Amino acid sequence: IALVGKAAGNAFFEIAAKSFQETVEAEGGEVQVVYPETATADAQIKVLDNLISQDFDAICISANDVNALQAKLEEAMDEGIKVSSFDSAPNKDSREIFVNQAGTKEVAQALMDAVLDISGGEGQFAILSATSQSANQNAWIDAMKTIMEGDDKYSKLETCRTLVYGDDEPQKSTDQTAALLQNYKDLKVICAPTTVGIAAAAKYLQDNESACKLTGLGLPSEMQEYTGDDDAHSCPYFYLWDMEGLGKLSAYATMALVKGDITGAEDETFTAGDMGEFTITKADDEGTEIVLGEPLQFTPDNVADYAKLY
Ligand code: RAM
């Protein structure tokens, strides 16, 4: 099985890959983890070209673009390679199944409520995202907008129109954070739904003793030193999901496709080892998915414990 991340040098993918690999190897399979040179669809297409010419049974991919990989992933499926995706889904025609780490709406709801709470219910907030094409970030941001427009309790929040992109690069994410503070003097909260972005913003805000606070999706191991309720810390709390579970469930789902236990159709079920039975459901994009669980909240009280894990 080939596991394809969004880009090299992102601890998020290394952590997910580790449990993916251990799970497949425990069942007697082999995994090759491959990263594109940059977090772009073009770079992933090069990787896929290379993988298709080899003898893989399956490719499990976190997509850098919703639509741009379709022709390549269809080519892979035509060659008899099973295509699953995890973390960031290519469109429904580009995959047989998507392993969703936590429901898209649930993630968006958690983030919107964190922004509302941390801002004190009003004022400006900005979003620091990954790349502009990133499938998962765009899905969460769209769902956040829908939630915000659908309930009056968010009406005193003001979005800074410019959604900014740090491209999942630490330096660019830092520069974008600095620019946001420069452009919006009253900025109350930055929400970064990317582990790379939140870690970079956390450091910048904390080093500069900014009054602007932070939330989003982060790795506890990278966020521990920035998490706290007081002025000395930039992030009161943030979210992610069970990272080990994500790697494991993605591995089991991909193996189930290879073994022919599932085809990826709605309502099929399969056993994911000691994680138990999972049922395939319809995803928001009308393709199918398996949802791992709920988003997890990391606070000053639990961040140290989770930081030992991921
Ligand atoms: C970054 C990546 C990844 C995303 C996390 C939250 O590491 O963009 O795709 O799921 O953040």
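How do the residues of the lining of the second largest pocket divide into nonpolar, polar and charged? They divide into 8 nonpolar, 7 polar and 6 charged. The legends below cover this pocket, the largest pocket, the largest cavity and the ligand in a predicted model.

**View 1. The second largest pocket, with a volume of about 350 Å³.** The lining of this pocket is made up of 21 residues. Nearest its centre lie Asp 167, Asp 168, Glu 169, Pro 170 and Val 196. Helix H6 (170-183) and helix H7 (195-207) each contribute at least two residues to the lining. H7 has the largest share, with 5 residues.

**View 2. The largest pocket, with about 510 Å³ of space.** A total of 28 residues line this pocket, and Asn 100, Thr 104, Ala 139, Asp 284 and Glu 289 are the closest to its centre. Two or more lining residues come from each of strand S5 (97-102), helix H4 (104-119), H5 and strand S15 (288-293). H5 supplies the largest share, 5 residues. By class, the lining holds 10 nonpolar, 10 polar and 8 charged residues.

**View 3. The largest cavity, with a volume of about 110 Å³.** The lining of the largest cavity consists of 15 residues, of which Phe 12, Asp 87, Asn 136, Gln 137 and Thr 195 are the closest to the centre. Helix H1 (11-26) and helix H5 (135-149) are the elements that give two or more residues to this lining. H5 gives the most, with 3 residues. The lining comprises 7 nonpolar, 5 polar and 3 charged residues. The model has 1 cavity of 30 Å³ or more.

**View 4. The ligand in the largest cavity.** The space that the ligand takes is the largest cavity. Around the ligand are 15 residues, and the closest are Lys 6, Asn 10, Asp 87, Asp 168 and Thr 195. Asp 87 and Thr 195 are also among the residues closest to the centre of the largest cavity. Asp 168 is also one of the residues that lie nearest the centre of the second largest pocket. H1 and H5 each provide at least two residues of the shell around the ligand. The largest share of that shell, 3 residues, belongs to H5. By class, the shell has 6 nonpolar, 6 polar and 3 charged residues.

**View 5. Polar side-chain atoms of Lys 6, Asn 10 and Asp 87 beside oxygen atoms of the ligand.** For Asp 87, a polar side-chain atom lies 2.5 Å from an oxygen atom of the ligand. For Lys 6, the distance from a polar side-chain atom to a ligand oxygen atom is 2.8 Å. For Asn 10, the distance from a polar side-chain atom to a ligand oxygen atom is 2.9 Å. The ligand taken alone exposes 290 Å², and the protein buries 100% of that area.

**View 6. Helix H5 (135-149) and the spaces that it lines.** Which element gives the most to the lining of the largest cavity? H5 does, with 3 residues. H5 also has the largest share of the shell around the ligand, 3 residues. In the lining of the largest pocket, the largest share is again from H5, with 5 residues. Asn 136 and Gln 137 are among the residues closest to the centre of the largest cavity. Ala 139 is one of the residues closest to the centre of the largest pocket.

Terms used
Residues numbered from 1 in each chain as written. Predicted model: local features only at pLDDT ≥ 70, side-chain atom pairs only at ≥ 80, totals over all residues. Heavy atoms only, no water. 1 Å grid on protein atoms, 1.4 Å probe; cavity = no way out; pocket = protein on both sides within 12 Å on 5 of 7 lines; lining within 4 Å. Points joined across faces, edges and corners; volume = space filled by probe spheres on them. Helix = DSSP H or I, 4+ residues; strand = E, 2+ residues; numbered from the N terminus. Nonpolar A, V, L, I, M, F, W, Y, C, P; charged D, E, K, R; others polar. Near = heavy atom within 4 Å. Polar contact = N/O pair within 3.5 Å; in protein donor to acceptor, adjacent residues only side chain to side chain. Areas by Shrake-Rupley, 256 points an atom, 1.4 Å probe, with all protein chains shown as cover. Sits in = over half its atoms within 2 Å of the grid points.
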